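Here's a friendly walk through one model, with an eye on how its side chains meet. Have the sequence and the 3D view open as you read.

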Amino acid sequence: FVCTLLLVWLTPVIWAYFAWRARREPAYRDAWGERLGLGHPQAFKQKPIWLHCASVGEVNAAQALIAHVVTQQQPLFVTCFTPSGKTRAQALLAEAIAQGKAQVQFLPLDLPWFVQRRLKQVQPRAVVVMETELWPNFCHAVRAAGVPLILASARLSARSLRGYQKPLLRRLIGKTLACFTHIAAQSTADAARYAALGAQPAQ
């Protein structure tokens, strides 16, 4: 609840940031409706796997996973936060997109009414989040829907751990991590840091 109130308060700041970025990167003006969970995603014949990658780095890290899902003829719904990440994902999935087996959009802002609307529309069979994209309302909506939620290639720096261990953040992060069905850490050190926050990661 507190997180949602904070995000509501910050929403004008976020839009101002997008507008500022759009001065140099016009792609930030594109598909703003997607960030509000508006419009209807492509309908797939089967329930898709929802893969979220923040930007280019996470998309590149997920290349093997993307290739595997496509090879297995499974539909794939990919979301990104940055235009560069979306462009990269579209390039990797160009053939699958043309065949109607994949779609790439921006992740809606992390407010309940946006993420719940998109989740009901997509109806994924599983959600995979890359690395450290811990959006509380999104994660709670996925869990509430009874959909498996996986944190893949999870990483957490010592500096981030110190920040997350502050009382208010520790409670929020702890509740968010509890939503995940499985956490696959990049290394033993990353696994230990997640464990320190109450998670049960697997390296």
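A salt bridge, as the term is used here, is a side-chain nitrogen of Lys or Arg within 4 Å of a carboxyl oxygen of Asp or Glu. Keep in mind that what you're looking at is a predicted model.

**Charged pairs**

Side chains of opposite charge can pair when their charged atoms come close. In this structure there are four salt bridges. Let's start with Asp190 and Arg193, whose closest N and O atoms are 3.6 Å apart. That distance is within 4 Å, so the pair counts as a salt bridge. Both residues sit in helix H11 (residues 188-196), with their positions three residues apart in the count, or about one turn of the helix. Asp190 is buried, at a relative accessible area of 8%, while Arg193 is partly exposed, at 23%.

Now for a pair that reaches across the sequence. Lys86 and Glu34 join their side chains in a salt bridge, 3.1 Å from N to O. Since Lys86 belongs to helix H5 and Glu34 to helix H2 (residues 32-35), this bridge ties together parts that are 52 residues apart in sequence. Are these two partners buried or exposed? Lys86 is buried, with a relative accessible area of 10%, and Glu34 is buried too, with 15%.

Next up, Glu131 and Arg155 form a salt bridge of 2.7 Å, N to O. Glu131 is in the loop between E4 and H8, and Arg155 is in the loop between strand E5 (149-154) and helix H9 (158-164), so the bridge connects parts 24 residues apart in sequence. Glu131 is buried, with a relative accessible area of 9%; Arg155 is partly exposed, with 35%. This pair has company as well: Glu58, Glu131 and Arg155 are linked in a network of salt bridges.

Here are the three pairs described above, side by side:

| Salt bridge | N to O distance |
|---|---|
| Lys86 and Glu34 | 3.1 Å |
| Glu131 and Arg155 | 2.7 Å |
| Asp190 and Arg193 | 3.6 Å |

**Rings, and charges over a ring**

How many aromatic pairs does the structure hold? There are four. One of them is Phe81 with Trp135: the ring centres are 5.9 Å apart and the planes are at 25°, so this pair is stacked. Phe81 is found in the loop between strand E2 (76-80) and helix H5 (83-92), and Trp135 in the loop between strand E4 (126-130) and helix H8 (136-144), so the two rings tie together parts 54 residues apart in sequence. Phe81 is partly exposed, with a relative accessible area of 22%, and Trp135 is partly exposed as well, with 25%. Elsewhere, ring pairs link Trp50, Phe77 and Phe138 into a cluster.

Then there's Phe106. Arg35 lies over the face of this ring, 3.9 Å from its centre. Lys86, the salt-bridge partner of Glu34, also lies over the face of Phe106, at 4.4 Å from the ring centre.

**One buried threonine**

Last stop: Thr176, in helix H10 (residues 167-177). With a relative accessible area of 1%, Thr176 is buried, because buried means under 20%. What does Thr176 contact, leaving aside its neighbours within four places in sequence? The answer is Leu134, Pro136, Cys139 and His140.

Note on methods: Residues are numbered from 1 along each chain as its sequence is written. This is a predicted model: local features need pLDDT of at least 70, side-chain atom pairs count only at pLDDT 80 or more; totals for chains, interfaces and linings use all residues. Side-chain values use heavy atoms; hydrogens and water are left out. Rings of Phe, Tyr and Trp (its six-membered ring) pair if their centres lie within 6.5 Å; planes under 30 degrees apart count as stacked, over 60 as edge-to-face and the rest as tilted. Helices (H or I, at least four residues) and strands (E, at least two) are DSSP runs, numbered from the N terminus. Buried means under 20% relative accessible area, exposed over 50%, partly exposed in between (1.4 Å probe, protein chains only). A charge sits over a ring if NZ of Lys or CZ of Arg is within 6 Å of the ring centre and within 35 degrees of the ring normal. Contact means heavy atoms within 4.5 Å.
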